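Please work through the exercises below with the sequence and the structure open beside you. Each task is followed by a solution that goes step by step.

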Amino acid sequence: MRFLTLLILSFCSIAPFLPIYSQDAIVISPDKQLSLELSIEGGKLRYTVNYKGKVMLEKSPLGLQTNEGDFSSGLSFIEKSENKTSRVYTQDKIKRSQINYEANTLKYTFQNTEKRQMSILFQVSNNDIAFRYELPAWGDRMACVVEKEATGYRFPSYATAFLSYMMDPMKGFARTSPSYESGYQSDVPVKDTKSNTGYVFPGLFRIGENGWILLSETGVRSLYCSSHLSAYNDGIYTVEYPNPGENNGFGSSGAQLSLPGATPWRTITVGENLKPIVETTIPFDVVEPLYEPSKNYKYGKGTWSWIVWQDASMNWDDQVKYIDLASEMGYEYILIDALWDDNIGYDKMKKLIEYANSKNVDVFLWYNSNGSFNDAPQGPRNKMNTSIARKKEMKWLKEAGVKGLKVDFFGGDKQETMRLYEDILSDANDYGLMIIFHGCTLPRGWERMYPNYVGSEAVLASEMLIFSEDVRKNESFFASLHPFIRNAVGSMEFGGVLLNKYLNKGNKEGQERLTTDAFQLATAILFQNPVQMFALTPNNMTDVPKFEIDFMRKVPTTWDETILIDGYPGKYAVLARRHADKWYIAGVNAQKEPLQLKLNVPMLKGKKVQLIGDDKNRNTYTKDINIDNKGITEITLQPNGGFVLNDL
Ligand code: CA
């Protein structure tokens, strides 16, 4: 009887809107602005996304193909259930420290022609959609391989894209690609995005006047492969798994899953402007720490000789100079890069670490992740690729007092490689070591998942300013993209702030830096990574104005809050970040003309602050200015220039 009453009640509440057994479903954000609608048409599962009543994604496909059956066609509806989820958490190494996540959820279950079931769990918060496929065990079948994914994104035809190419496998330096180090197409019509290798996550899209979308994925670990966006095909980008040629052709390009199991989260960040894109925490909202930290990891600033002084600096004397530089700057770390095993050696390295410690500097050491998947020749090699060698090495590292590793030259995005990333992180935590990855994939929620993870390159980083004239000429263009794209979803180990006029040891001729000093200082704030290896050189202590060095001494590397103040990807970017009670506001200009900005900075209203900017001749200066009581200030940014405003 009670059951019957409930049934009648629920029927009454739903009946005016939808037939009770409807296969159609909708999930709406807590603030009611963002909605995702689902339906099955002709046996295919489709979804659309609207924001403030405007179309953001047109009817787009969902589904998986597994070696246990096709779940992309011949589908029929089973059931759906709605709920809410929320989570309050703190995180000390991302763009913000206190996060309050609230979402409405929908679990939608369907079956294929073989009557095997699968569900998709959708979580819709105010500006983010996250969803994942949840696979049950099918009778006694408790393992499967996901071979292909049908998940796709159909943008309105007038949308424009900001995308970075997926690199071909086994190309580039020592056959080390793909490593997420290619350029960008910026603001091009989606139909003109023609990379046949597809595009890396994250991808940014402007939906005309309707707003913006950032696509990515999160929660990828040893249990799945990383994915990327396919080439634009028939109006759609789909989620594509790694190229079989990656990792020297070794290992499956699909995903091997234990059942019950789930895919990583596909994420769609949506806004009518760029604020929700820059400020999103969705990569971290839907994942959990996978283990306890073995100690309290300490973040901070470091120096590294390799970036400007290159391979030749891998010797005792030059490393001592960079330890002394770190010490004079009050930095916590030095990163001693490739070739130290041969050129300094293990015994002398122990003494070098003792010297660094005597100057209050701790040490990160470089490692080759190989192994067997590419030709990267730099040592130490064969120390990180097997559990036995790795633990032996890490035992030595712990005894020698090393605090972190930079591991380079990974083999791509296959599950095989995801297992290596996770094994390195997990073992390193057992030995109290932090981990930086280079020559690598995008981190996908790893700041939260792995307590000793610090950051990843996965960007055309500072090294390419030195190696590539084209990248040097486009430095400000790329810098103005990162806050909206790459760095919006994960820590970015860029290795920047180059204050040499020429990007080499002599600093007299050669690779001229085309951006101003203020631009370089601004990137210390614009680019977020909890440990920043800055590209300062010992000569900068005497050939750079003192106020610039003073700024580099005090700039924080961890943040409690991040706010987009102004900007347009590819043109300019202005961000505010708070560390404890101090605000830092920084901007760069990638345009050919000076840029006059009227900035709304309420966090500094009525305050006297330090401005670092560029004059008409693009010389960097500093002065104290007063921000009015409305919190509005006018700033002029020179071409390839920048500025910093900070609390005194
Ligand atoms: Ca690299």
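## Exercise 1: the surroundings of E217

A polar contact of 2.7 Å joins the side chains of E217 and R444, where a polar contact is a pair of N or O atoms within 3.5 Å, and within protein one must be able to donate a hydrogen and the other to accept it, while residues adjacent in sequence count only if both atoms are side-chain atoms. This is a predicted model, in which local features need pLDDT of at least 70 and side-chain atom pairs count only at pLDDT 80 or more, while totals for chains, interfaces and linings use all residues. Residues are numbered from 1 along each chain as its sequence is written, and side-chain values use heavy atoms, with hydrogens and water left out.

Task: find where E217 lies, and decide whether E217 is buried or exposed.

Solution. Begin with the location, which is strand β16, residues 211-218; helices (H or I, at least four residues) and strands (E, at least two) are DSSP runs, numbered from the N terminus. Next, take the relative accessible area of 2%, which makes E217 buried, since buried means under 20% relative accessible area, exposed over 50%, and partly exposed in between, with a 1.4 Å probe and protein chains only. Then look at a further polar partner: the backbone nitrogen of S227 lies 2.7 Å from a polar atom of the E217 side chain. Finally, leaving out residues up to four places away in sequence, the residues that E217 touches include F201, P264, W265 and R444, contact being defined as heavy atoms within 4.5 Å.

## Exercise 2: the calcium ion

Task: which residues coordinate the calcium ion, and how are these donor residues spaced in sequence?

Solution. First list the donors, which are E181 (OE), E181 (OE), E457 (OE), E457 (OE) and E463 (OE), at 2.4 to 2.9 Å; donors are N, O and S atoms within 2.8 Å of the metal (3.2 Å for Na, K and Ca), and because water is not among the atoms, sites may look incomplete. Second, write the spacing of the donor residues, E-x275-E-x5-E. Third, place E181 in the loop between β13 (160-164) and β14 (184-189), and E463 in helix α11 (residues 462-467), so that a pair 282 residues apart links distant parts of the chain. Last, check the accessibility: E181 is buried at a relative accessible area of 14%, and E463 counts as buried at 17%.

## Exercise 3: two helices

Task: how do the axes of helix α15 and helix α17 run with respect to each other, and which residues make the contact?

Solution. Start from the axes of α15 (residues 517-526) and α17 (residues 546-554), which come within 11 Å and cross at roughly 10°; axes are lines fitted to C-alpha atoms, for helices over the stretch in contact, and angles run from 0 to 180 degrees between N-to-C directions. The two helices are therefore roughly parallel to each other, given that angles under 35 degrees count as roughly parallel, over 145 as roughly antiparallel, 65 to 115 as roughly perpendicular and the rest as oblique. The contact itself is made by D517, L521, A524 and I525 of α15 together with E548, F551 and M552 of α17. By class, this contact has five nonpolar, no polar and two charged residues, where Ala, Val, Leu, Ile, Met, Phe, Trp, Tyr, Cys and Pro count as nonpolar, Asp, Glu, Lys and Arg as charged, and the others, Gly among them, as polar.

## Exercise 4: backbone details

Task: where is the cis peptide bond that involves P202, and where does F409, with its positive phi, lie?

Solution. For the proline, the peptide bond from F201 to P202 is cis, with omega near -5°, and P202 is placed in the loop between β14 and β15 (203-207). A cis peptide bond also joins L259 and P260, with omega about -5°; P260 lies in the loop between β19 (255-258) and β20 (261-262). For F409, phi is near 65°, a positive value in a residue other than glycine, and the residue is found in the loop between β25 (404-408) and α9 (415-430). F409 counts as buried, at 12% relative accessibility.

## Exercise 5: S358

Task: is S358 buried or exposed, and which backbone oxygen lies 2.5 Å from a polar atom of its side chain?

Solution. S358 lies in helix α7 (residues 346-358), and its relative accessible area of 56% makes S358 exposed. The backbone oxygen in question belongs to Y355.
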